[in-house]
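Student: Please take a close look at one turn in this fold and the strands on either side of it. I would then like to see how that part sits within the rest of the chain.

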Amino acid sequence: MQKLLITNLNNWLNRPFPFYETNKQKVLIPITFSLLVMFGIIILNPSENTDLLLKQVLNVFTYGFIVILVSLIFSLVLPAIYPNTFNNDKWNVLKTILFFVMSVVTIGTIITIYAYYFDNSNKIDFFSFLFTIMIRSIILSFFPIILIVFYTERSLYKKNHFHAIEIISGLKDKKQPKQIDNKIYTFAKGTNDEINISEKNLLYIKAEGNYCLLVYNENSILKKKLVRSSLKNIEHLTNNSNRFVRCHKSYIVNLNKISNVIGNAKGYTFYLKDHKFQIPVSRSFSKALIRKIKVNNK
């Protein structure tokens, strides 16, 4: 029983979980989080002083500024400095919990230093001050963080799981495309990388810096070709096709090559026919993807 519990916990902690996908999320979510922390600070009352209400209110706003500043550093600055660590494709539940716990600990430490020097009318020694605030901060934040992450992961998983079923159902019912099967696309036209690939043979395109990786079949042999082109240009080239869809900031996929769709909290994953390729689907592209499948089935 204990082994099963540990296994289930480990599986849950390693489940995919979305990190901030847009700058808007990176700003609004920390500010919302900061307002909640400010409310918690009012309850905590670090200096344990009920006098001088105006001073306490001003201190709370100072604490709020500290919370917002640290939260924005965690959401905007650290991901820019450590992009591999904060890679959304590799982000999971455990990283999310550690991210918020470390945010709380950092905030608690800075607030302790400020409160010790500027909001310590009872002259409490520093380590007692630090211990008190840290214990209260962890107790008041750890379990809410766990519950919020658990609820969010379960909700997103259920939502995306049912959408995945809807997508795969739509793909199975998909009518044959109107365009001719042997339509040819010319990629990187006018360059040394120029290549012609039949629409029915192209599996997917992946952005790799200033290049794009074309993955396709030729005479039943899987091939890959790296061409100098942006994914946006290739998306424009394939835009009139009802086979190809941009499903991720780094991927365009041939819908006719998909054999299965799996949903999780982060979004979806496409599995391609006769291949072991897994193509991620971003939440930001999922609605447009479902809409395109529905339109093409009419």
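Tutor: Strands β9 and β10 form a hairpin with five residues between them, and within that turn D274 has a positive phi of about 60 degrees. Helices and strands are DSSP runs numbered from the N terminus, a helix being H or I over at least four residues and a strand being E over at least two. This is a predicted model, in which local features need pLDDT of at least 70 and side-chain atom pairs count only at pLDDT 80 or more, whereas totals for chains, interfaces and linings use all residues. Residues are numbered from 1 along each chain as its sequence is written, and side-chain values use heavy atoms, with hydrogens and water left out.

The two strands of the hairpin, β9 and β10 (residues 278–282), pair in the antiparallel sense over five bridges, where pairing requires that DSSP finds at least two bridges between the strands. One of these bridges links Y271 to its partner Q278 in β10. On its other side, β9 is joined to β8 by a hairpin that passes through two residues, and β8 (residues 258–264) pairs with β9 in the antiparallel sense over six bridges. In that pairing I258 stands opposite L272 of β9.

β9, which spans residues 267–272, is mostly covered, with five of its six residues buried; buried means under 20% relative accessible area, exposed means over 50%, and partly exposed lies in between, with a 1.4 Å probe and protein chains only. In β8, N264 deserves attention: this residue lies in the strand and counts as buried because its relative accessibility is 16%. Leaving out residues up to four places away in sequence, N264 touches P16, L156, Y157, N160 and T269, a contact being heavy atoms within 4.5 Å.

The positive phi in the turn has parallels elsewhere. Most residues other than glycine have a negative phi. In the loop between β4 (211–218) and β5, however, N219 has a phi near 55 degrees, and S220, found in the loop between β4 and β5, has a phi near 65 degrees. N219 counts as exposed because its relative accessible area is 70%, and S220 likewise counts as exposed because its value is 76%. S229, by contrast, is found in the loop between β5 (221–228) and α6 (231–237) and counts as buried because its relative accessibility is 14%. Setting aside neighbours within four places in sequence, S229 is in contact with N210, Y211, C212 and I234.

To place these strands in the whole, the chain has seven helices and 10 strands, and 42% of its 298 residues count as buried. Among contacts with a separation of 6 or more, 59% join residues 24 or more positions apart.

The largest nonpolar core holds 26 residues, of which V93, F99 and V149 touch the most other members; such a core is a set of buried Ala, Val, Leu, Ile, Met, Phe, Trp, Tyr and Cys residues joined through side-chain atoms within 4.5 Å. Two or more residues of this core come from each of α1 (2–13), α3, α4 (93–118) and α5 (126–172), and α4 gives the most, with nine residues. F99 itself, leaving aside neighbours within four places in sequence, is in contact with F19, Y20, F74, S75, F86 and W91. A second, separate core of 22 residues includes I167, L171, V215 and L255.

At the surface, the accessible area of the chain comes to about 17,600 Å², of which 61% belongs to carbon and sulfur atoms; these areas come from the Shrake-Rupley method with a 1.4 Å probe, and for residues only the protein chains shown count as cover. V27, I31, L35, F65, L69, I73, L76, V77, I81 and Y82 make a nonpolar surface patch of about 860 Å². The elements that give two or more residues to this patch are α2 (23–44) and α3 (53–81), and the largest share, six residues, comes from α3. Patches are made of residues with over 30% relative accessible area and no salt bridge, like charges being joined within 9 Å and nonpolar side chains (Val, Leu, Ile, Met, Phe, Trp, Tyr) within 5 Å. A salt bridge here is a side-chain nitrogen of Lys or Arg within 4 Å of a carboxyl oxygen of Asp or Glu.
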